[in-house]
Amino acid sequence: MESTETTPKRQKTGGEGPFKVEWEWMYFFVCRESVAKCLVCGAEVKCIRKSSIERHFNRQHKDAYENLTGEERLEKLQELKGRNLQEITISNEEVFLSFLLYNVFPSP
Ligand SMILES: [Zn+2]
């Protein structure tokens with residue numbers, strides 16, 4: 001028996017992209033039911049775009065959080081998640097892995 005694995009691609013109109021795991025530690029946002037939520041202030045961004053999320057972070061929280069680097073950033077993310085979320089859509093392992101990947105192999 002051969003398994004035919006198909007990767008279903010969800011096509012959405014409106015220019016929304018899938019939530020990127022690394023945005024969790026980059027911008028302290030998590031995705032719940034196609035809404036991106038700011039872990040710092042609870043603001044919700046319905047349009048899941050990097051530009052929207054990045055803009056919110058830069059305007060509201062950059063001063064307080066931009067100096068967190070490396071593990072400090074991950075620790076803060078875990079702290080914020082614990083405070084805010086009952087259900088977490090993306091596993092911590094996945095976030096941690098993306099964090100490592102970005103720091104070992106930074107994207108251009
Ligand atoms: Zn916020």
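**Exercise 1. The first hairpin**

Which residue takes a positive phi in the hairpin of β1 and β2? Work out the pairing of the two strands as well.

Solution.
- Start with the status of the model: it is predicted.
- Locate the strands. β1 covers residues 29-32 and β2 covers residues 35-38.
- Take the sense of the pairing. The two strands run antiparallel, over four bridges.
- Check the register. Val-30 faces Lys-37 of β2. Cys-31 has Ala-36 as its bridge partner. Arg-32 is bridged to Val-35.
- Now the turn. Two residues lie between the strands, and Glu-33 has the positive phi, near 50°.

**Exercise 2. Completing the sheet**

Find the partner of β2 other than β1, then give the strand order.

Solution.
- β2 also pairs with β3, residues 44-45. This pairing is antiparallel too, with two bridges.
- One opposite pair here is Ala-36 and Val-45.
- The connection is a hairpin with five residues between the strands. In its turn, Gly-42 shows a positive phi of about 85°.
- Put the strands together. The sheet is open, the order is β1-β2-β3, and the pairing is antiparallel.
- β1 and β3 are the edge strands, each with a single partner, so each has one side without a neighbour in the sheet.

**Exercise 3. Two faces of β2**

Which residues of β2 are on the covered face, and which are on the uncovered one?

Solution.
- Recall the rule. Side chains in a regular strand alternate between the two faces of the sheet.
- Apply it to β2. Ala-36 and Cys-38 make up the covered face. Val-35 and Lys-37 make up the uncovered face.
- Add the bridge partners. On the covered face, Ala-36 is bridged to Cys-31. On the uncovered face, Lys-37 stands opposite Val-30.

**Exercise 4. The nonpolar core**

Which residues touch the most other members of the largest nonpolar core? Trace the elements that contribute to this core.

Solution.
- The core has 13 residues, and Phe-28, Phe-29 and Ala-36 touch the most other members.
- α1 (23-27), β1 and β2 are the elements that give two or more residues to this core.
- β1 contributes the most, with three residues.

**Exercise 5. Phe-28**

Is Phe-28 buried or exposed? Describe its backbone and its contacts.

Solution.
- Phe-28 sits in the loop between α1 and β1.
- Count the neighbours. The cut-off for a buried residue is 20 or more other C-beta atoms within 10 Å. Phe-28 has 24 C-beta neighbours inside 10 Å, so Phe-28 is buried.
- Look at the backbone. Phe-28 is not a glycine, yet its phi is positive, about 60°.
- List contacts, leaving out residues up to four places away in sequence. Phe-28 touches Cys-38, Leu-39 and Val-40, among others. Its contacts also include Phe-57, His-61, Tyr-65, Leu-77 and Leu-80.

**Exercise 6. Cys-31 against Ala-43**

Classify Cys-31 and Ala-43 by burial, and give a spatial separation for each.

Solution.
- Cys-31 belongs to strand β1. It has 20 other C-beta atoms within 10 Å and is therefore buried.
- From Cys-31 to Glu-44 the C-alpha separation is 9.4 Å, with their positions 13 residues apart in sequence numbering.
- Ala-43 lies in the loop between β2 and β3. Ala-43 has 13 other C-beta atoms within 10 Å, so it is partly exposed.
- Beyond neighbours within four places in sequence, Ala-43 contacts Cys-38 and His-56.
- Ala-43 and His-56 are 13 residues apart along the chain, and their C-alpha atoms are 8.8 Å apart.

**Exercise 7. The whole chain**

What is the order of elements from the N terminus, and where is confidence highest and lowest?

Solution.
- Count the elements: five helices and three strands.
- Order them: α-β-β-β-α-α-α-α.
- Turn to burial. The chain has 108 residues, and 17% count as buried.
- Turn to contacts between residues at least 6 apart in sequence. Of these, 56% join residues at least 24 apart.
- Finish with confidence. The mean pLDDT is 81, and 74% of the residues reach 70 or more. Helix α2 (residues 50-60) is highest at 96, and helix α5 (residues 92-104) is lowest at a mean of 80.

Terms used:
Residues are numbered from 1 along each chain as its sequence is written. A residue is buried if 20 or more other C-beta atoms lie within 10 Å of its own, exposed if 12 or fewer, and partly exposed in between; C-beta atoms are placed from the backbone. Two residues are in contact if their C-beta atoms, placed from the backbone, lie within 7 Å. Two strands pair if DSSP finds at least two bridges between them. A nonpolar core is a set of buried Ala, Val, Leu, Ile, Met, Phe, Trp, Tyr and Cys residues joined through C-beta atoms within 7 Å. pLDDT is the predictor's confidence in each residue, from 0 to 100.
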